[in-house]
Protein chains: 2
Amino acid sequence: MLPITDLSPTGSLVREPMTAEAAADLSRAFKAIADPGRLRLLSLIAAHQGGEACVCDLTEPLGLTQPTVSHHLKVLVDAGLLTRDKRGVWAFFAVVPATFDRLAAVLSSATGSGPFASPDPAGSRASAGGTH
Amino acid sequence: MLPITDLSPTGSLVREPMTAEAAADLSRAFKAIADPGRLRLLSLIAAHQGGEACVCDLTEPLGLTQPTVSHHLKVLVDAGLLTRDKRGVWAFFAVVPATFDRLAAVLSSATGSGPFASPDPAGSRASAGGTH
DNA sequence: CCAAGACATCGACTTCTGTCAATGTGCCCG
DNA sequence: CGGGCACATTGACAGAAGTCGATGTCTTGG
């Protein structure tokens with residue numbers, strides 16, 4: 001129900017492996033995007049008039065039924081990637097750029113200082129092999 | 001088997017919705033990251049000595065069996081997120097920053113010019129509601 | 001107040017995914 | 001050359017996820 005508590009809960013883990021809790025939170029967010037239909041939904045909504053769209057605008061171009069589209073939209077809203085705004089009979093959905101940025105920051109950290117950054121890209125192979 | 005053909009196959013779709021093929025490619029990449037164990041694996045490898053680690057270094061901190069860890073590593077290698085380098089009896093895995101950057105670029109495009117960018121964040125609501 | 005439209009929810013089904021035990025493969029040391 | 005070690009593969013299973021038809025809820029228009 002809650003979108004995402006914290007996408008980088010462990011700022012001190014820059015040089016330490018991610019905790020199981022942090023990994024679970026992150027995986028919840030990435031699972032929401034790891035679906036072809038939902039990716040197309042996000043793209044369709046972003047490319048739509050005014051950056052928002054209702055369900056009836058998305059059902060046909062996706063080739064999925066209305067309940068399925070509604071289900072995917074709920075997943076995206078729960079993940080904090082979309083906002084739902086019900087006006088009259090229609091429900092308008094719009095992207096939340098901040099959430100995308102936070103996820104992007106985690107991934108781009110591979111070449112920066114995040115959880116996927118290599119402290120020593122090439123060197124100190126003295127103890128390579130670890131405890132063996 | 002092939003890592004990822006192209007993470008942004010449709011550069012011209014900046015203002016057009018993503019194609020089904022592009023969405024399928026992207027979802028394959030994100031599915032690889034959308035798992036708590038694999039996220040921790042990536043983090044563990046990046047934080048390890050020299051930015052690389054073998055299976056035996058990862059089994060115990062993850063709390064998963066060796067076949068399961070090996071399976072996850074294969075998924076990550078197939079997605080182009082890790083490289084495998086077999087030296088002697090050990091197989092060393094290292095992160096591929098370029099792949100992370102490409103995925104991050106797709107997500108950060110929500111506030112830029114990518115597939116998730118809103119052409120008109122607030123305005124031109126004249127035709128809001130589309131065909132209704 | 002009733003009918004119609006837009007969307008959400010439910011129930012059921014199929015497929016995908018993560019996990020493990022058991023086994024196979026290749027390398028190294030004695 | 002034979003035994004042990006690191007890792008990959010296989011087969012089987014439980015749980016999760018995507019999809020649809022049917023139905024419920026709410027709003028608007030007549």
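Start with the protein surface near DNA strand D, where helix 4 of chain B gives the largest share, 6 residues. A residue counts as near a strand if its C-beta atom, placed from the backbone, lies within 6 Å of it. Helices (H or I, at least four residues) and strands (E, at least two) are DSSP runs, numbered from the N terminus.

This is a predicted model: local features need pLDDT of at least 70, side-chain atom pairs count only at pLDDT 80 or more, and totals for chains, interfaces and linings use all residues. Residues are numbered from 1 along each chain as its sequence is written, while chains are lettered from A and ligands numbered from 1 in the order in which they are written.

**Stop 1: DNA strand D**

Select the 25 residues around DNA strand D. Those that come nearest are P67(A), C54(B), C56(B), P67(B) and S70(B). Both chains take part: helix 4 (66–78) of chain A supplies at least two residues, and so do helix 3 (55–62), helix 4 (66–78) and strand 3 (90–95) of chain B. Now color by class. You should find 11 nonpolar, 10 polar and 4 charged residues. Here Ala, Val, Leu, Ile, Met, Phe, Trp, Tyr, Cys and Pro count as nonpolar, Asp, Glu, Lys and Arg as charged, and the others, Gly among them, as polar.

**Stop 2: DNA strand C**

Move to DNA strand C, with 24 residues around it. C54(A), C56(A), P67(A), S70(A) and T68(B) come nearest. Two or more residues each come from helix 3 (55–62), helix 4 and strand 3 (90–95) of chain A, and from helix 4 of chain B. Which element gives the largest share of this surface near DNA strand C? Helix 4 of chain A does, with 6 residues. The classes here are 11 nonpolar, 9 polar and 4 charged.

**Stop 3: chain A**

Show chain A alone. Its secondary structure comes to 5 helices and 3 strands. Trace them from the N terminus: α-α-β-α-α-β-β-α. Of its 132 residues, 41% are buried. Buried means 20 or more other C-beta atoms within 10 Å of a residue's own, exposed means 12 or fewer, and partly exposed lies in between, with C-beta atoms placed from the backbone.

Next, select helix 2 (residues 36–47) and helix 4 of chain A. They pack at about 75°, with axes 10 Å apart. Axes are lines fitted to C-alpha atoms, for helices over the stretch in contact, and angles run from 0 to 180 degrees between N-to-C directions. The pair is therefore roughly perpendicular, the term for angles of 65 to 115 degrees. Show G37(A), R38(A), L41(A) and L42(A) from helix 2 meeting H72(A), L73(A), V75(A) and L76(A) from helix 4. In contact means C-beta atoms, placed from the backbone, within 7 Å.

**Stop 4: helix 2 of chain B**

Switch to helix 2 (residues 36–47) of chain B. Its end C-alpha atoms are 16 Å apart, which agrees with the 16 Å expected for 12 residues. That expected span is 1.5 Å times one less than the number of residues. Is this helix enclosed or open? It is largely enclosed by the rest of the structure, because 11 of its 12 residues are buried. Among them are P36(B), L41(B) and A47(B).

**Stop 5: after helix 5 of chain B**

Finish in the segment after helix 5 (97–108) of chain B, at T111(B). T111(B) is partly exposed, with 17 other C-beta atoms within 10 Å. It touches P97(A) and D101(A). S118(B) lies in this segment too. S118(B) touches A46(A), G51(A) and V95(A).

Definitions and conventions: Contact = placed C-beta atoms within 7 Å. Parallel < 35°, antiparallel > 145°, perpendicular 65-115°, else oblique. Lists of a residue's contacts leave out its neighbours within four places in sequence.
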